[in-house]
Amino acid sequence: MGKINLEQASCWILTEGMAGTENQCIALVSELGLEAKIKRLSIIPELRWTGKLTTLLPPKILVGSRSLLEPPWPDVLIASGRKCVGLALAIRRASQRQCFVVFVQNPRWGFSQFDLIITPQHDDIKGKNIVTTMGALSRVTRVKLEDATKQFQSAFSHLPHPLIACLIGGSSRYYNFTPERAAIIGKSLAKLSLQTGASFLITSSRRTPPGCLKEMKKALGKTPFYIWDSKGENPYLGFLGSADAVFVTEDSVSMISDA
């Protein structure tokens, strides 16, 4: 395909709807100065057994809907998530390779078929079409941090320094986050506060299991803290911008990269 005029290019973001992967795609689109339509789709379960053959099928068949994936195909497609690999390549084929397809993170197969793959160095994959980053792509910028700090700072300006942001995730394939584990973290933070005088800015994620924040609050006791429990606007960037240090649960590469 020829060169792409980014000022006029159309763009889709294709993900399974997971916040961590979708935010990385949005970060890339933002840096490219593109406007993108977000399509949260994946191949229907009945067709996942076809594996690499999915790239030969029409995209609208793969998702079981005739309205969500139709031409005109975008000039740029940015995709992420294992369930989107075959679908992204099927779109590339349907566009007669006129759609420039970027995959964020390790697709695990079809490497040579993507126009570009952007993956963190810990995935340890290399190739002519692979760009390696230190961590996950992040939407965090200095300007966003400064704006969010001004917006939210008054809500926790009464808390003493050092101010520590605590980014709480959830369970993953390798890590089981439970209310009991949340209580242990809460007790550890309370002990740290007694030793250092620190206070805490605590935020959960979509993956944080029910009951975890309740147990953490109980364990913190009278420790000074401000906690966001998914009600109202998310002060995540305000926490990052205001904090003297950041703690992150071990399950999220994205949150570690933001920190």
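# Exercises on a predicted model

The largest nonpolar core of this predicted model has 26 residues, and those with the most contacts inside it are Leu14, Leu69, Leu77, Leu87, Ala88, Ile91 and Phe114. The exercises start from there.

## Exercise 1: The cores

**Task.** Find which elements give two or more residues to the largest nonpolar core. Then find which element gives the most.

**Solution.**

Step 1. Start with the core of 26 residues. Two or more of its residues come from each of S1, helix H2 (59–63), S3, H3 and S4.

Step 2. Now rank the givers. H3 gives the most, with six residues.

Step 3. Look beyond this core. Apart from it lies another core, of 16 residues. Ile168, Ala182, Ala198 and Ile227 are among them.

Step 4. Zoom in on Leu69. Set aside its neighbours within four places in sequence. Leu69 is then in contact with Trp12, Lys39, Leu41, Pro59, Lys60, Val63, Leu87 and Ile91.

## Exercise 2: The sheet and its helices

**Task.** Give the order of the six strands in the open sheet. Which strands stand at the edges?

**Solution.**

Step 1. Read the order across the sheet: S2-S1-S3-S4-S5-S6. The pairing is parallel.

Step 2. Count partners. S2 and strand S6 (130–133) each have a single partner strand, so one side of each has no neighbour in the sheet. These two are the edge strands.

Step 3. Check the turn. On average, neighbouring strands of this sheet are turned by 20 degrees against each other, direction ignored.

Step 4. Take one pair. Strand S1 (residues 11–15) and strand S3 (residues 76–79) pair in the parallel sense over four bridges. Here Cys11 stands opposite Val76 in S3.

Step 5. Add the helices. H1 lies across S1, S2, S3, strand S4 (100–104) and strand S5 (116–120). H1 runs at about 165 degrees to S1. Helix H3 (residues 85–94) also packs on the sheet and touches S1, S3 and S4. The direction of H3 makes about 155 degrees with that of S1.

## Exercise 3: A residue of helix H1

**Task.** Decide whether Ile26 is buried or exposed. Then list its contacts beyond the local neighbours.

**Solution.**

Step 1. Place the residue: Ile26 is found in helix H1.

Step 2. Compare with the cut-off. Buried means under 20% relative accessible area. Ile26 has 19%, so Ile26 is buried.

Step 3. Leave aside neighbours within four places in sequence. Ile26 is in contact with Ile13, Ile38 and Arg139.

Step 4. Examine the pair with Ile13. Ile26 and Ile13 are 13 residues apart in sequence. Their C-alpha atoms are 7.6 Å apart in space.

## Exercise 4: Salt bridges

**Task.** How many salt bridges does the structure hold? Describe the pairs of Glu22, Asp124 and Arg207.

**Solution.**

Step 1. The structure holds five salt bridges. Side chains of opposite charge can pair when their charged atoms come close.

Step 2. Glu22 pairs with Arg40, with the closest N and O atoms 2.7 Å apart. This pair links distant parts of the chain, 18 residues apart. Glu22 sits in helix H1 (residues 19–32), and Arg40 in strand S2 (residues 36–40). Glu22 is buried, because its relative accessibility is 8%. Arg40 is exposed, because its value is 53%.

Step 3. Asp124 and Lys126 meet through their side chains at 3.4 Å, N to O. Both residues are exposed.

Step 4. Arg207 pairs with Asp251, with the closest N and O atoms 2.6 Å apart. The two lie 44 residues apart in sequence. Arg207 is in the loop between strand S8 (199–203) and helix H6 (212–220). Asp251 is in the loop between strand S10 (245–248) and helix H8 (253–258). Arg207 is partly exposed at 33%, whereas Asp251 is buried at 14%.

## Exercise 5: Thr149

**Task.** Which backbone oxygen does the side chain of Thr149 reach? Is Thr149 buried or exposed?

**Solution.**

Step 1. Thr149 lies in helix H4 (residues 142–152).

Step 2. Its side chain reaches the backbone oxygen of Leu145 at 2.7 Å.

Step 3. Thr149 has a relative accessible area of 13%, so Thr149 is buried.

Step 4. Leave aside neighbours within four places in sequence. Thr149 is in contact with Gly238, Gly241 and Ser242.

Definitions and conventions
Residues are numbered from 1 along each chain as its sequence is written. This is a predicted model: local features need pLDDT of at least 70, side-chain atom pairs count only at pLDDT 80 or more; totals for chains, interfaces and linings use all residues. Side-chain values use heavy atoms; hydrogens and water are left out. Buried means under 20% relative accessible area, exposed over 50%, partly exposed in between (1.4 Å probe, protein chains only). A polar contact is a pair of N or O atoms within 3.5 Å; within protein, one must be able to donate a hydrogen and the other to accept it, and residues adjacent in sequence count only if both atoms are side-chain atoms. Contact means heavy atoms within 4.5 Å. A salt bridge is a side-chain nitrogen of Lys or Arg within 4 Å of a carboxyl oxygen of Asp or Glu. Two strands pair if DSSP finds at least two bridges between them. Axes are lines fitted to C-alpha atoms, for helices over the stretch in contact, and angles run from 0 to 180 degrees between N-to-C directions. A nonpolar core is a set of buried Ala, Val, Leu, Ile, Met, Phe, Trp, Tyr and Cys residues joined through side-chain atoms within 4.5 Å.
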